[in-house]
Amino acid sequence: MGYRVRQARRCRGGATAFFVGLVAVGCGHAAPDADNTSAIGSGAGGNDEQVGGWGAASSRKALPHDDQVPSLEAASRFLTRASFGPTLVEIVKLQNLGYTAWLDEQYDEVPSLSRPQLSDQADAGNPVHQIHRQEEWWANALEGEDQLRQRVAWALSQILVISQNDADLSGDPVGMAEYYDILVRQSFGNYRDLIEAVTLNSAMGAYLSMLKNDKPDLANNILPDENFAREVLQLFSIGLDQLNLDGTPILDPQGKPIPTYDQSVIVALAHAFTGWNYANGQSWDFAKINFLPMESWPTHHDQSTKLIFDGIVIPGGMSPEDDLAAALDAIFYHPNVGPFLGKQLIQRLVTSNPSPGYVQRVASVFNDNGQGLRGDLWAVVKAILMDSEARGGYANDPENFGKLKEPIIRLSGLLRAFDAQVGTGKFTLPLLTDGYAQEPLAATSVFNFYSPNFSPPGEVANAGLVAPEFEITTHSLIAIIQNSLHTRIYFNHLDDGFTDDNDILIDLGPLASIAASPGVLVDVLGLVLMGGQMSPELRDIVVDHISTLDLEDGGFERAEDALFLVYTSPQAVIQK
Amino acid sequence: MNRKIDRRKALRYLAGASVGAATLSPGSLARASALSKGSRLGGYRALVCVYLQGGNDGFNLVVPLSTPEYGVYANSRQQLAIAQDQLLPITPATSDGAQYGFHPNCPELQSLFASGDLAVLANVGTLVAPMTLSEYNSGSVPKPPRLFSHVDQMFQWQATAADRIDGTGWAGRSADALAGANGSTDLALNISINGPTLWQVGQNTKNYDLGTNGSIALAGFGGLDGPARKSAFQQILDLPHAHSFERQYALTMQESIDLDALISAALAGAPTIQAGYDTTSSLAAQLHMVARMISVQATLGMTRQIFFVGLGGFDYHNDQNRDQPGLNAELSRSLFDFQTALAELNMTNSVVTFTTSDFGRTLSSNGKGSDHGWGSHHVITGGPVLGGDIFGKMPNLALGGPDDVGRGRIIPTSSVDQYGATLASWFGVDQTALATVFPNLANFASPNLGFL
């Protein structure tokens, strides 16, 4: 398989594409004097199999099998889960292709990477910093054709965490980019291969200190480093408690969860993971930093017998490679991996509180993709996105199904929906500096930006639900992110006039062009940004408000206010 | 000398609290109880928790200095040991026979200790009940669940009662117990400047998250067009939201707006704090924000406040000898500068600041650093603290010794329950409520460790 090295920025074509989308959904010819009632479909989101009003207005070419034909609203919701944000063009494309063909196309898209570009810069003698890694990340997230792959990699990066917020990694953007590229390349591969690549990546090695983890030196009271051994179990694979296939804990007769391992297992695995260092090192102590997979040093490997969980024994006398393979095999075949990983991927893509049945269906696919293969992540991703709960969950549980959009997804959704461009070609978005509490590969610790178990005190916690993203939606952060989006909407768009080549600019021209029809304008926003789930009350407030604004500026004031009010509404912030 | 100062200081403090027949013996329940009752009617009090994220290596913060004890320490720690001649000596009011010193990068802690404004709590950690090594090995006394796991041990530190965590923390439950202490203000008793923390979650009281630079006003509602836009925004916020997450989001947004109005107005009238602080330090900046909030407590109508701040980087698996000096220096300077700011605000005797973490670290090295341990030393500072002394019991630091469960993971000799209860008592949680706030407190012989 080849990998795409991103080419120079494509030329501006967003506005045209947006108009094509408008035509396709039946409002390309909205007359300036059209009234404020919706020209298109009902707003309420229901079961995704129902073809709504927008769908009827669309111009599908080939109709795939019925249950594969999403309504426009359903297509938008699907893309909210499966990409860095729906665009009108992609919504229409998904409807025309149907889910299966769209997914197949995504599978075949060439992965967009970032490390090769950084290496080129470094080879040319240019400085390479974390912000450059992030520029590549944003370019791929916003413009990569492999949207699903990028979105799944982003989800995986929040489970298999490394962070630039670490003394050993802050100066290694190239190694970190290689780490992310592993997630991108293997997000549709097999988990067994992924966990091995992750384990041997040098940035992960430095982050969880398996790199230069030496065999015991009892004379100096030195015993192997337990960091990676602990977190690979606790966070990357099986978790702390034995799980049923549906993700609920197995309980002992006293009703308590049963630990998956104890401290002796951590100690044993720490021994198994000894003897790895940067590739091509001339000596153990002075091996030089690079992005290649770590290489083994048999003389620094502990050869004792290791007793790990479930009575599994890693025999003594084996090489670093054989110990590693035995340990990762044991982890891979642990029955927890499917429900543990599956549930978190569901949380990252679809909903914070999946039902046990949903988790079980996904975990079953992890255990067997239907062809006897365990760990097939492509099958898992499809199972997550195509599950009846993903597509019909909101209709069945309108009060609790879904998730809070994380800050990066709120920002990327805006930038993608309105075809953000930047004169320099560099999407420089120093979000931590802006106060966001989220940046690609920049969590506070290996525990990610938020815990999968976080529950905001109050109604949500009292209902026994979790809402992880609320952990970074505090009283201060909620205002910071709202203000950041405000700046982007009002001051960082193409027709603002006070911008320069460094500014990332969204294009509000298409919205302004339909501003004479407030109802149509708001319905377009409801479709693209809210999966067609805008309540009639919200629609009325926004339509009434922008109707009071005149059109002397070509409709931009209406476009800005409508976009701001819709996108910062509680309804739009919750993905459903 | 220090002992005298300490005694005088203690007497002064006790007299100030209108306690007649107080004894000076640490851990005196009677005294703590009397103080608590006095405080309920008394003036402003604040607790400030400094959370050292990742599991701080307290055994390198306070180190045995006298030769036999240092020898045991150095033998266990090997390359992680601090050189004996670099330790900053302290003279505790109560001697256990050994001498101790602070990490060489902590002269400010040494100074606060000497002036009687800082106490050391030895070897505190999570416990269900006191336990010995043989009880640990036999399982006859229940262990805290999920020992050595970051997030679980952090939760147990913050919740206490390690075996029955229920989604609340002891600061939150203390706020429950003191409901009404701050009158009818909308501002929560519990404020975090380091994101949400289980510690501050109560059953019935809310908490508030403040930015390091203060509260944040929403943009876009000024100018000619602002009011109409704001009105539409507010109408949307006020809609009856169908989804529980929408309601949670709208509530947080509304609180953010309302409390920003309250706090920014109060801070506009705050005195400028002259005391300097390291503006490059996240911890120092957070503590500076706490000082600013304390400076306007009267304006805000606050009688009792609990603040949470934090600093990351203490998970020293790798390069401990490179990273520890800087972080210890940052901690030491930040605590000292905060005390200086409080003195300037005349709040020295109203605020108690204390450190917490996930756990201590292994005494033994992994060749580069240390791994997840258990018990660890912590410090408490402020005017009310019976400073210049070490409280609790110093552990045996020998590998394979009577306190080591393996690799130098040391069984705590005081529990986080006792640590919290001592602080909460001073804060004003009365004897009856204490049993609710700290459900396992009765498992331990002394409910008060005596440093306040």
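Over which residues of chain B does pLDDT stay under 50? That happens over residues 1-41 of chain B, and for this stretch the model has 66 contacts beyond four places in sequence. Keep in mind that what you're looking at is a predicted model, and pLDDT is the predictor's own confidence in each residue, on a scale from 0 to 100. For chain B as a whole, the mean pLDDT is 91, and 91% of the residues reach 70 or more. The predictor also scores the complex, giving it an ipTM of 0.93 and a pTM of 0.91.

Now let's look at where the two chains meet. Chain A brings 73 residues to the contact and chain B brings 65. Between them, about 5,500 Å² of area gets buried, with carbon and sulfur atoms giving 60% of that. On the chain A side, three residues lose the most area to chain B: Asn221(A), His475(A) and Pro570(A), which together make up 13% of what that side buries.

What holds hands across this boundary? Start with the charged pairs: there are 9 salt bridges across the interface of chain A and chain B. Try finding one of them yourself: Lys576(A) pairs with Glu246(B), and their closest N and O atoms sit 2.8 Å apart. Then add the polar contacts, where 33 residue pairs turn up across the interface, both partners being at pLDDT 80 or more. Several elements of chain A supply at least two residues each to the side that touches chain B, among them α12 (227-234), α13 (263-272), β5 (403-404) and α24 (536-547). The top contributor is α21(A), with 9 residues. Sort the residues on this side of chain A by type and you get 33 nonpolar, 24 polar and 16 charged.

Next, zoom in on two asparagines in chain B. The first, Asn440(B), is in the segment after α14 (431-437). Is Asn440(B) buried or exposed? Its relative accessibility is 1%, so Asn440(B) counts as buried. Its side chain has polar partners there: a polar contact of 2.9 Å joins it to the side chain of Asp163(B), and another, of 2.8 Å, links it to the side chain of Arg164(B). Leaving out neighbours within four places in sequence, Asn440(B) is in contact with Val128(B), Ala161(B), Ala162(B), Asp163(B), Arg164(B) and Asp417(B).

The second asparagine, Asn349(B), lies in the loop between α12 (320-344) and β9 (351-357) of chain B. Here the relative accessibility is 48%, so Asn349(B) counts as partly exposed. Not counting residues up to four places away in sequence, Asn349(B) touches Gly383(B) and Pro384(B). And remember Glu246(B), from the salt bridge with Lys576(A)? Asn349(B) is 103 residues away from Glu246(B) along the chain, and their C-alpha atoms are separated by 43 Å.

Finally, hop back to chain A and find helix α19, residues 407-417. How many of its residues are buried? The count is 11 of 11, so by the cut-off of under 20% relative accessible area, each one qualifies. The buried set includes Ile408(A), Ile409(A), Leu411(A), Leu414(A) and Leu415(A), and also Arg410(A) and Arg416(A). Just past the end of α19(A), look for Asp419(A), which takes a positive phi of about 50°.

Conventions
Residues numbered from 1 in each chain as written. Chains lettered and ligands numbered in written order. Heavy atoms only, no water. Contact = heavy atoms within 4.5 Å. Buried area = accessible area lost by both parts, 1.4 Å probe. Salt bridge = Lys/Arg side-chain N within 4 Å of Asp/Glu carboxyl O. Polar contact = N/O pair within 3.5 Å; in protein donor to acceptor, adjacent residues only side chain to side chain. Helix = DSSP H or I, 4+ residues; strand = E, 2+ residues; numbered from the N terminus. Nonpolar A, V, L, I, M, F, W, Y, C, P; charged D, E, K, R; others polar. Buried < 20%, exposed > 50% of the residue type's maximum accessible area, 1.4 Å probe, protein only.
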